[in-house]
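Visitor: I should be grateful for a close look at one part of this structure, namely its sheet and whatever is placed against the sheet. Please treat the strands, the helices and the salt bridges in turn.

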Amino acid sequence: MATKKSNKLPQTAVIKQILKRCSSFGKKSGYGAEEGLPDDVPKGHFAVYVGENRSRYIVPISWLAHPEFQSLLRRAEEEFGFSHDMGLTIPCEEGVFRNLTAMIR
């Protein structure tokens, strides 16, 4: 029986990809507004879009280490992938996201 190879990236590669595409962390590495990174995201944070209306939230990079947030990232990867133009989209309702992030703080 042949085993099916997963197309998913290892978690560290996913996190690096998120940081590069969505955070102000990349600005020190030569990324800037001309390449699509928002200027209003503070250093050490990144933007996510949540809910049906795609409301924008700015979250600290440290949240990437929390299992609850990692679960959201896995859901985002399964539903949307990470190779699209609009920032990182989290597939859950805003109320659920706010409750979850309140627990992380």
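Guide: Two strands are taken to pair if DSSP finds at least two bridges between them. On that basis, this predicted model holds an open sheet of three strands, in the order 2-1-3 and with mixed pairing. Strand 2 (55-60) and strand 3 (88-90) form the edges, each pairing on one side only. From one strand to the next, the twist averages 40 degrees.

Six bridges join strand 1 (residues 45-50) to strand 2 in the antiparallel sense. Within this ladder, Tyr49 has Arg56 of strand 2 as its bridge partner. Helix 2 (residues 67-80) packs on the sheet and touches strand 1, strand 2 and strand 3, its direction making about 105 degrees with that of strand 3. Helix 3 (residues 94-104) also lies across strand 1, strand 2 and strand 3, and runs at about 15 degrees to strand 2.

A search of the whole structure finds two salt bridges. In one of them, the side chain of Arg56 meets that of Asp40 at 2.8 Å, N to O. Arg56 belongs to strand 2 and Asp40 to the loop between helix 1 (11-22) and strand 1, so the pair ties together parts that are 16 residues apart in sequence. Arg56 is partly exposed, its relative accessible area being 34%.

The side chains of Arg98 and Glu94 also meet in a salt bridge, at 3.5 Å, N to O. These residues are four apart in helix 3, and therefore about one helical turn separates them. Arg98 is partly exposed at 45% relative accessibility, and Glu94 is likewise partly exposed, with a relative accessible area of 22%.

Conventions: Residues are numbered from 1 along each chain as its sequence is written. This is a predicted model: local features need pLDDT of at least 70, side-chain atom pairs count only at pLDDT 80 or more; totals for chains, interfaces and linings use all residues. Side-chain values use heavy atoms; hydrogens and water are left out. Helices (H or I, at least four residues) and strands (E, at least two) are DSSP runs, numbered from the N terminus. Axes are lines fitted to C-alpha atoms, for helices over the stretch in contact, and angles run from 0 to 180 degrees between N-to-C directions. Contact means heavy atoms within 4.5 Å. A salt bridge is a side-chain nitrogen of Lys or Arg within 4 Å of a carboxyl oxygen of Asp or Glu. Buried means under 20% relative accessible area, exposed over 50%, partly exposed in between (1.4 Å probe, protein chains only).
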